[in-house]
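Subject: Structure for you to look at

Hello,

I am passing on a structure that I would like you to look through at your own pace. Please keep it open while you read, since the notes below are meant to be followed on the screen.

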Amino acid sequence: MTAETPKAAQTANTAAGTSGQLPGYVWSAVHEAPTRELFPGIRLRPLWRGESGAAAQVLEMDPHTCWEGIDVHEPGPEEVFVVSGVFNDGQRDYPAGSFIHAPAGSSHIPQTTTGCTLFVFYPEG
């Protein structure tokens, strides 16, 4: 990755014939992603879905919310980065900046007392 200014990067891309879009790149903005309420106070914002079922999303949890039931990671693993707040998996707290890899077949009960925003990635769908 290079440290180009946005204008320099745009000029380089246009010169390469990509009109500001790099081949294969897909992008989305969280504030433009559709919001779906999964449970009261817990919202999902899908960002990307790959051909093989892989997916990236943002999960927003209001203070004092809890997932209804058990979240089971199938068919593949779940990877979580805590963007803000404090996330609890039913066993322990994970403050902002924490990364969690939950292997396929594992489970937890997502919850928070402070509220949190999570980046969630499913590499295998």
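What follows is a walk through what was found, beginning with the whole chain and ending with the charged side chains.

Please bear in mind from the outset that this is a predicted model, and that the values below were computed from it.

**The chain as a whole**

The protein chain contains 1 helix and 11 strands, and if you follow the chain from the N terminus you will meet the helix before the strands, in the order α-β-β-β-β-β-β-β-β-β-β-β. Of the 125 residues in the protein chain, 35% are buried. When the contacts with a separation of 6 or more are considered, 57% of them join residues that are 24 or more positions apart. The accessible surface of the protein chain comes to about 7800 Å², and carbon and sulfur atoms account for 57% of that area.

**The nonpolar core**

In soluble globular proteins, nonpolar side chains tend to be buried together. In this model the largest nonpolar core is made of 16 residues, and within that core the residues with the most contacts are Leu59, Met61, Phe87 and Leu118. Four strands, namely β2 (42-49), β3 (55-61), β6 (78-88) and β11 (116-122), each contribute at least two residues to this core, and the largest share, 4 residues, is supplied by β11.

Leu59 is a useful residue to select in your viewer: which residues does Leu59 contact, leaving aside its neighbours within four places in sequence? Among them are Leu38, Ile42, Arg43 and Leu44, and the list goes on with Trp67, Cys116, Thr117, Leu118 and Val120.

**A nonpolar patch on the surface**

Nonpolar side chains also appear on the outside of the model, where Phe81, Val83, Phe99 and Phe119 form a surface patch with about 370 Å² of accessible area together. Val83, one of the members of this patch, is found in strand β6. With a relative accessible area of 46%, Val83 is classed as partly exposed, because the partly exposed class lies between the 20% limit for buried and the 50% limit for exposed.

**Backbone details**

Strand β1 (residues 36-39) pairs with β2 in the antiparallel sense over 3 bridges, and within this pairing Arg36 has Leu44 of β2 as its bridge partner. The two strands β1 and β2 make a hairpin with 2 residues between them, and Gly41, in the turn, has a positive phi of about 80 degrees.

Which other residue has a positive phi, although it is not a glycine? That residue is His64, whose phi is about 60 degrees, and His64 sits in the loop between β3 and β4 (65-66). His64 counts as exposed, with a relative accessibility of 65%.

A further detail to look for is the cis peptide bond that joins Glu74 and Pro75, where omega is about 10 degrees. Pro75 is located in the loop between β5 (71-72) and β6.

**The salt bridges**

Side chains of opposite charge can pair when their charged atoms come close. Searching the whole structure gives 3 salt bridges, and Arg43, Arg45, Glu60 and Asp62 are linked by such bridges in a network. It may help to take the pairs in turn.

- Glu60 and Arg43 meet through their side chains at 3.2 Å, N to O. Glu60 belongs to strand β3 and Arg43 to strand β2, so this pair ties together parts that are 17 residues apart in sequence.
- Arg43 also forms a salt bridge with Asp62, and the closest N and O atoms of this pair are 2.9 Å apart. Asp62 lies in the loop between β3 and β4 while Arg43 is in strand β2, so the parts tied together here are 19 residues apart in sequence.
- Arg45 and Glu60 meet in a salt bridge at 3.0 Å, N to O. Since Arg45 is in strand β2 and Glu60 in strand β3, the pair ties together parts that are 15 residues apart in sequence.

Are the residues of this network buried or partly exposed? Glu60 is buried, at 14% relative accessible area, and Arg45 counts as buried at 16%, whereas Arg43 is partly exposed at 22% and Asp62 is partly exposed at 31%.

With best wishes

Methods
Residues numbered from 1 in each chain as written. Predicted model: local features only at pLDDT ≥ 70, side-chain atom pairs only at ≥ 80, totals over all residues. Heavy atoms only, no water. Buried < 20%, exposed > 50% of the residue type's maximum accessible area, 1.4 Å probe, protein only. Contact = heavy atoms within 4.5 Å. Areas by Shrake-Rupley, 256 points an atom, 1.4 Å probe, with all protein chains shown as cover. Core = buried A, V, L, I, M, F, W, Y, C linked by side-chain atoms within 4.5 Å. Patch = residues over 30% accessible without salt bridge, like charges linked within 9 Å, V, L, I, M, F, W, Y side chains within 5 Å. Salt bridge = Lys/Arg side-chain N within 4 Å of Asp/Glu carboxyl O. Pairing = 2+ DSSP bridges.
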